[in-house]
Amino acid sequence: MELGLDNDIMGWFDEVSENAGWVQTKTLRMILEANFGVEYLWKWFGDINIHGMDSSALEALYTSLVPLASHADFEPFIQRIVDGDTSPILTQQPITTLSLSSGTTDGRQKYVPFTRHSSQTTLQLFRLAAAYRSRVYPIREGRRILEFIYGSKQFKTKGGLTAGTATTHYFASEEFKIKQQKTKSFTCSPDEVISGGDYKQSKYCHLLLGLHFSEQVEFITSTFAYSIVQAFRAFEELWRDLCSDIREGSLSSRITIPKMRKAVLAIISANPCLATRTETHCRELEKASWFGLIPKLWPNAKYVYSIMTGSMAPYIKKLRHYAGDLPLVSADYGSTESWVGVNLDPSSPPENVTFAVIPTFSYFEFIPLHRHKQGFSSSNIDDYIEEEPVPLSQVKVGQEYEIVLTTFTGLYRYRLGDVVEVAGFYKGTPKLNFICRRKLILTVNIDKITEKDLQIVVEKGSQLLSSKTSAELVDFTSYANVANEPGHYIIYWEVNEDDVDERVLSECCREMDASFADYGYIVSRRTNTIGPLELCLLERGTFRKILEYFVSNGAGVNQFKTPRCTSNQVLVRILNLCTIKKFRSTAYG
């Protein structure tokens with residue numbers, strides 16, 4: 001980016017951060033005035049005239065009248081919009097586009113309103129994040145980005161609205177083209193590859209064009225870390241075909257989409273020298289288990305950039321393996337509903353990343369959360385006691401919160417379900433650590449296991465596997481089986497080798513069972529009201545089948561996140577069909 005543009009956007013962020021509390025009050029006023037009189041707000045405000053009201057008084061009135069809500073509360077209103085109701089239900093401006101959540105956890109995709117404001121804030125965030133990255137890792141203008149991005153198919157709802165993933169809408173927007181111009185960095189792949197509609201063919205072309213532009217690539221990126229790891233796992237199998245295409249200036253017959261073939265063949269040309277050099281590197285890398293693949297094949301790459309928090313954390317280890325000594329830079333924090341924060345310190349490792357809240361994007365509230373003391377059992381859905389929500393200006397360092405959003409796109413006091421911890425402040429805006437999704441993911445009895453709890457347990461089992469064998473964990477998920485008494489947890493593993501010592505796998509199962517720290521689980525295991533943990537070993541390629549299942553049912557590859565726990569019976573059926581070995585824990589006798 002040009003230095004002047006960098007300074008302009010960072011100066012803007014400094015200004016809004018310095019006065020974050022006032023900016024939030026003003027942001028809420030803008031949202032409410034823009035959507036004054038919509039059906040959802042009329043229920044609470046009635047004929048109260050908000051236009052002449054003091055901004056602080058309006059903020060206090062809003063948070064006292066309008067209740068906290070979940071997606072389920074908005075579903076009847078959104079469904080009417082889906083079906084073609086054009087009256088001002090959630091927003092005064094007609095909603096013409098809807099985003100779909102991935103639906104990977106419970107198998108049900110959710111609609112979220114998407115407007116021009118959604119694309120504009122995405123562009124603004126990307127520019128801001130790029131400015132901070134360029135201070136630490138300057139990149140050469142006019143060069144390339146190897147982006148593993150995939151536009152999924154858009155479709156029309158019953159009411160004629162365009163629906164698809166948020167990333168698909170963004171890649172199809174003017175803002176995506178503007179982003180490349182503003183940041184002076186251009187993706188290796190043309191639109192025909194990004195929006196080709198077949199992620200396997202797109203992935204092959206991304207890799208081929210990435211190699212074609214290998215000397216120009218400044219960094220490697222994707223929305224989620226999973227997509228980068230998945231692309232390079234595929235590269236381990238495809239490199240010979242890719243080298244053949246580079247040598248001949250041809251394109252594999254596996255690429256069957258005419259527009260994609262035409263666009264790629266218009267870019268590449270025969271390059272025997274590059275093919276020979278790439279083949280030599282790949283043979284060396286194969287012997288080294290592909291350690292340092294990225295810097296070896298893309299010698300001018302400065303870093304790898306992606307979302308690496310939450311459910312993406314388990315892929316950091318493999319990403320580091322591919323990246324060698326290249327830095328991993330955690331991308332920014334957001335959701336389908338709204339962007340939340342920006343990573344101001346790109347040199348910070350992903351495990352320590354914090355996100356500074358951008359106070360103009362939405363109106364943010366924070367529900368203080370306190371964990372129950374060990375030994376306390378409650379009927380709550382999780383292990384938290386809640387307090388009343390507080391505004392952004394009143395959060396405290398070290399306190400955990402659930403985020404609540406009021407957005408320009410028609411969501412009012414919407415519980416996001418993310419648990420964050422305030423790590424500090426950048427001027428007047430809080431810096432957040434992402435802790436986990438609040439939604440409880442495993443429970444059989446009085447046990448309450450979160451996604452983070454499960455990740456810690458699986459990491460211990462994975463470390464034992466790596467220390468005693470040459471195998472490594474590829475991916476995992478879990479299921480609470482309550483079909484029989486007593487119910488028990490099942491953890492499904494896919495590993496990268498076929499013949500793993502069964503004694504080691506049995507040890508891994510026992511280690512994981514003994515590693516759950518939740519008091520309710522420990523007591524339940526001791527009293528046999530929860531049965532022994534079951535470890536199911538999956539055949540290789542199972543998680544690829546799961547991805548293909550979700551993509552075939554409308555999920556976008558960019559949004560796909562392996563569900564760490566599932567209640568989706570179709571997914572459970574796939575997992576059980578692909579199970580090749582089972583182990584039961586001997587912990588607790």
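Modeller: Let's start with a term: contact here means heavy atoms within 4.5 Å. Keep in mind that this is a predicted model.

Biologist: Happy to! Leaving aside neighbours within four places in sequence, which residues is Trp298 in contact with?

Modeller: Trp298 is among the residues with the most contacts inside the largest nonpolar core. Once its neighbours within four places in sequence are set aside, the contacts of Trp298 are Leu146, Gly210, Leu211, Ser214, Val217, Ile220, Phe232 and Leu293.

Biologist: Nice. Which helix gives the most to the largest nonpolar core?

Modeller: That core has 93 residues, and Phe232 and Phe235 are among those with the most contacts inside it. With 13 residues, the top contributor to this core is helix H11 (residues 225–248).

Biologist: And how many residues are in the second, separate core?

Modeller: Val38, Tyr333, Val357 and Phe364 are included in that second core. Its residue count is 48.

Biologist: Now the cavities. Which helix gives the most to the lining of the largest cavity?

Modeller: The largest cavity has a volume of about 60 Å³. Its lining is made by Leu32, Phe36, Gly37, Leu41, Trp42, Phe45, Gly46 and Ile50, a set with 6 nonpolar, 2 polar and no charged residues. Giving 3 residues, the main contributor is helix H3 (residues 39–45).

Biologist: Lovely! How many charged residues are in the lining of the second largest cavity?

Modeller: About 40 Å³ of space lies in that cavity, and its lining consists of Leu208, His212, Ile246, Ile268, Ser269 and Leu274. By class, 4 of these are nonpolar and 2 are polar, and the number charged is none.

Conventions: Residues are numbered from 1 along each chain as its sequence is written. This is a predicted model: local features need pLDDT of at least 70, side-chain atom pairs count only at pLDDT 80 or more; totals for chains, interfaces and linings use all residues. Side-chain values use heavy atoms; hydrogens and water are left out. On a 1 Å grid over the protein atoms alone, a cavity is a set of points where a 1.4 Å probe fits but cannot get out, and a pocket is an open set with protein on both sides within 12 Å along at least five of seven lines; lining residues have an atom within 4 Å of a point. Grid points are joined across faces, edges and corners, and a volume is the space filled by probe spheres set on the points. Helices (H or I, at least four residues) and strands (E, at least two) are DSSP runs, numbered from the N terminus. Ala, Val, Leu, Ile, Met, Phe, Trp, Tyr, Cys and Pro count as nonpolar, Asp, Glu, Lys and Arg as charged, and the others, Gly among them, as polar. A nonpolar core is a set of buried Ala, Val, Leu, Ile, Met, Phe, Trp, Tyr and Cys residues joined through side-chain atoms within 4.5 Å. Buried means under 20% relative accessible area, exposed over 50%, partly exposed in between (1.4 Å probe, protein chains only).
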